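Reader: Can we go through the salt bridges in this one? I'd like to take them pair by pair.

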Amino acid sequence: MFTSFQTRTVLREGVRLHTRVAGEGPPLLLLHGHPQTQAMWHRVAPALVGRFTVVLMDLRGYGDSSRPEPDAAHTAHSKREMALDALAVMAQHGFDRFGVLAHDRGARVAHRLAADHPQAVQRLMLLDIAPTLAMYAQTSEDFARAYWHWFFLIQPPPLPEALIESDPARYVRSVMGSRHAGLAPFDPVALAEYQRCAALPGTGTSICEDYRASAGIDLEHDRADVAAGRRLAQPLRVLWGEHGTVGRCFDVLSLWRERADQVSGRALPCGHYIAEELPERVVAEALDFFTP
């Protein structure tokens, strides 16, 4: 799916991070969401390599990256640690300042990356999320029913991870297939890759730890930013699916304008998986937003 890309493994403090890189021009990091891998960019990344040096990575706990051992505070799966992973990946590829295009969980990592390391992130484009703190604080019945996994995955071990590990392929297909367009948008090769990686040992635990961190230590970091008046200074573009839960349940632009100084964005005629439902629109938005 990425025939023009070179594969490279980056090690950071014992965590193995699976990456790919291709292209020429300004560096652009792409981060995936749950329960996916960097394969979600297979319709977007090849169209960007003519203008950018595109770097793909699997987040820790996903794809072919390491599954760190869980800890009581869920620090190992915090977005702060994942942001440091991204920083290390880009440094190993020779970049200390770059743009970020990210979806879902990866977009939450990108938010923390831009907040903690403003000197590194030039611009960021986030797909189909509102700020994590706001989404938890403003949870409604509609949101809770649609995003049931946010509340299921944070339950104490071992039940959530045991249910994922009992049939990882069913978990992937159930979570992804329950959205607006069902499983129709997904290339069979990409879907098979998501299912393969979900079945790797430790994935169920890492998925749960990712969400437990988001409902715990990540909120602590977000609250500290708000209390200190820290805002994102980089240009930020947010895109969301008009048929998705985020746009239906939250005022996306207003919530991001509470956390960032330069915000633009719009809804697109699709559901949650924007990069696979409307890849050409994502490419057009990226070329417009990230081109110097």
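Reader: Which residue forms a salt bridge with Arg266, and how far apart are the closest N and O atoms?

Author: This is a predicted model. In it, Arg266 pairs with Glu285, and the closest N and O atoms are 2.4 Å apart. The pair links distant parts of the chain: Glu285 lies in helix H15 and Arg266 in strand E8 (residues 260–268), 19 residues apart.

Reader: Glu285, buried or exposed?

Author: Glu285 counts as buried because its relative accessibility is 8%, and the cut-off for buried is under 20%.

Reader: And why does Arg266 count as partly exposed?

Author: Because Arg266 has 36% relative accessibility, and partly exposed covers the range between 20% and 50%.

Reader: What about Arg237, which residue does that one bridge to?

Author: Arg237 also forms a salt bridge with Glu285, with 3.0 Å between the closest N and O atoms. Arg237 sits in strand E7 (residues 232–241) and Glu285 in helix H15 (residues 279–290), 48 residues apart. Arg237 and Glu285 are both buried.

Reader: Switching to Arg105. Where is its partner Asp210?

Author: Asp210 is in helix H10 (residues 203–214), while Arg105 is in helix H3 (residues 105–116). They are 105 residues apart along the chain. Their side chains meet in a salt bridge at 3.3 Å, N to O, and both residues are buried.

Reader: Which residues are linked in a network?

Author: Salt bridges link Arg80, Arg112, Asp116, Asp222, Asp225, Arg230 and Arg259 in a network.

Reader: How many salt bridges does the count come to?

Author: The count comes to 25 salt bridges.

How values were computed: Residues are numbered from 1 along each chain as its sequence is written. This is a predicted model: local features need pLDDT of at least 70, side-chain atom pairs count only at pLDDT 80 or more; totals for chains, interfaces and linings use all residues. Side-chain values use heavy atoms; hydrogens and water are left out. A salt bridge is a side-chain nitrogen of Lys or Arg within 4 Å of a carboxyl oxygen of Asp or Glu. Helices (H or I, at least four residues) and strands (E, at least two) are DSSP runs, numbered from the N terminus. Buried means under 20% relative accessible area, exposed over 50%, partly exposed in between (1.4 Å probe, protein chains only).
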